[in-house]
Amino acid sequence: SAASDVYKRQTQRYVPEIKRIKFSAPIRPDTLVRLKLDFNREKKSMSFLLRDVKKSDKAYSSGIFVAAV
């Protein structure tokens, strides 16, 4: 559809390359999560970590992508 094409182009503009992405576990409904983002200016990359708020050792997803800045 035209809407999905626009979304894809906009996403590619801001996230031109995904270096690594890992999905560790499914997120259940009503689960509270914390998203941690770290930007590396030299590499122009963003790392992320999605964790459970109540169980800080439980990670749901992590990865690194190149950020268009």
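Let me start with the contacts: of those in the chain with a separation of 6 or more, 41% are between residues 24 or more positions apart. I should say at once that what we have here is a predicted model, and that the values I quote are computed from that model.

As for the secondary structure, the chain comes to 1 helix and 4 strands, and if you read along the sequence, the elements follow the pattern α-β-β-β-β. The chain has 69 residues, of which buried residues make up 17%. The chain exposes about 5800 Å², and carbon and sulfur atoms supply 53% of that area.

Let me turn now to strand 3, which covers residues 45-52, and take three of its residues in sequence order.

Ser 45 has its place in strand 3, and at 10% relative accessibility it counts as buried, because the cut-off for buried is under 20%. Leaving out residues up to four places away in sequence, Ser 45 touches Asp 38, Phe 39 and Asn 40, and also Ile 64, Phe 65, Val 66 and Ala 67.

Phe 48 is also placed in strand 3, and with a relative accessibility of 16% Phe 48 counts as buried. Its contacts, again setting aside neighbours within four places in sequence, include Ile 21, then Leu 35, Lys 36 and Leu 37, and then residues such as Ser 61, Gly 63 and Phe 65. For one of these partners I can give a distance: Phe 48 and Leu 35 are 13 residues apart in sequence, and their C-alpha atoms are 6.9 Å apart in space.

Leu 49, which lies in strand 3 as well, touches Arg 34, Leu 35 and Lys 36 on the one hand, and Ala 59, Ser 61 and Ser 62 on the other, not counting residues up to four places away in sequence. Ile 64 is 15 residues from Leu 49 along the chain, and the C-alpha atoms of Leu 49 and Ile 64 are separated by 9.2 Å.

Next, the charged side chains. How many salt bridges does the structure hold? The structure holds 1 salt bridge, and it is formed by Asp 38 with Lys 36, with the closest N and O atoms 3.8 Å apart. Asp 38 is partly exposed, at a relative accessible area of 39%, and Lys 36 is likewise partly exposed, at 49%. Both residues have already come up in the contacts of strand 3, since Ser 45 touches Asp 38 and Phe 48 is in contact with Lys 36.

There is also a positive patch on the surface, formed by Arg 28, Lys 54, Lys 55 and Lys 58. Of these residues, Arg 28 has its place in the loop between strand 1, residues 17-23, and strand 2, residues 33-40. Why does Arg 28 count as exposed? Its relative accessibility is 60%, and the cut-off for exposed is over 50%, so Arg 28 falls in that class.

Finally, the nonpolar side of the surface. Ile 18, Ile 21 and Phe 23 form a nonpolar patch, and together they have about 350 Å² of accessible area. Ile 18 has its place in strand 1 and is exposed, with a relative accessible area of 52%. Ile 21, for its part, is one of the residues in contact with Phe 48, so a member of this surface patch touches a residue that counts as buried.

How values were computed:
Residues numbered from 1 in each chain as written. Predicted model: local features only at pLDDT ≥ 70, side-chain atom pairs only at ≥ 80, totals over all residues. Heavy atoms only, no water. Helix = DSSP H or I, 4+ residues; strand = E, 2+ residues; numbered from the N terminus. Buried < 20%, exposed > 50% of the residue type's maximum accessible area, 1.4 Å probe, protein only. Contact = heavy atoms within 4.5 Å. Areas by Shrake-Rupley, 256 points an atom, 1.4 Å probe, with all protein chains shown as cover. Patch = residues over 30% accessible without salt bridge, like charges linked within 9 Å, V, L, I, M, F, W, Y side chains within 5 Å. Salt bridge = Lys/Arg side-chain N within 4 Å of Asp/Glu carboxyl O. Lys, Arg positive; Asp, Glu negative; His and termini not counted. Charge placed at Lys NZ, Arg CZ, Asp CG, Glu CD.
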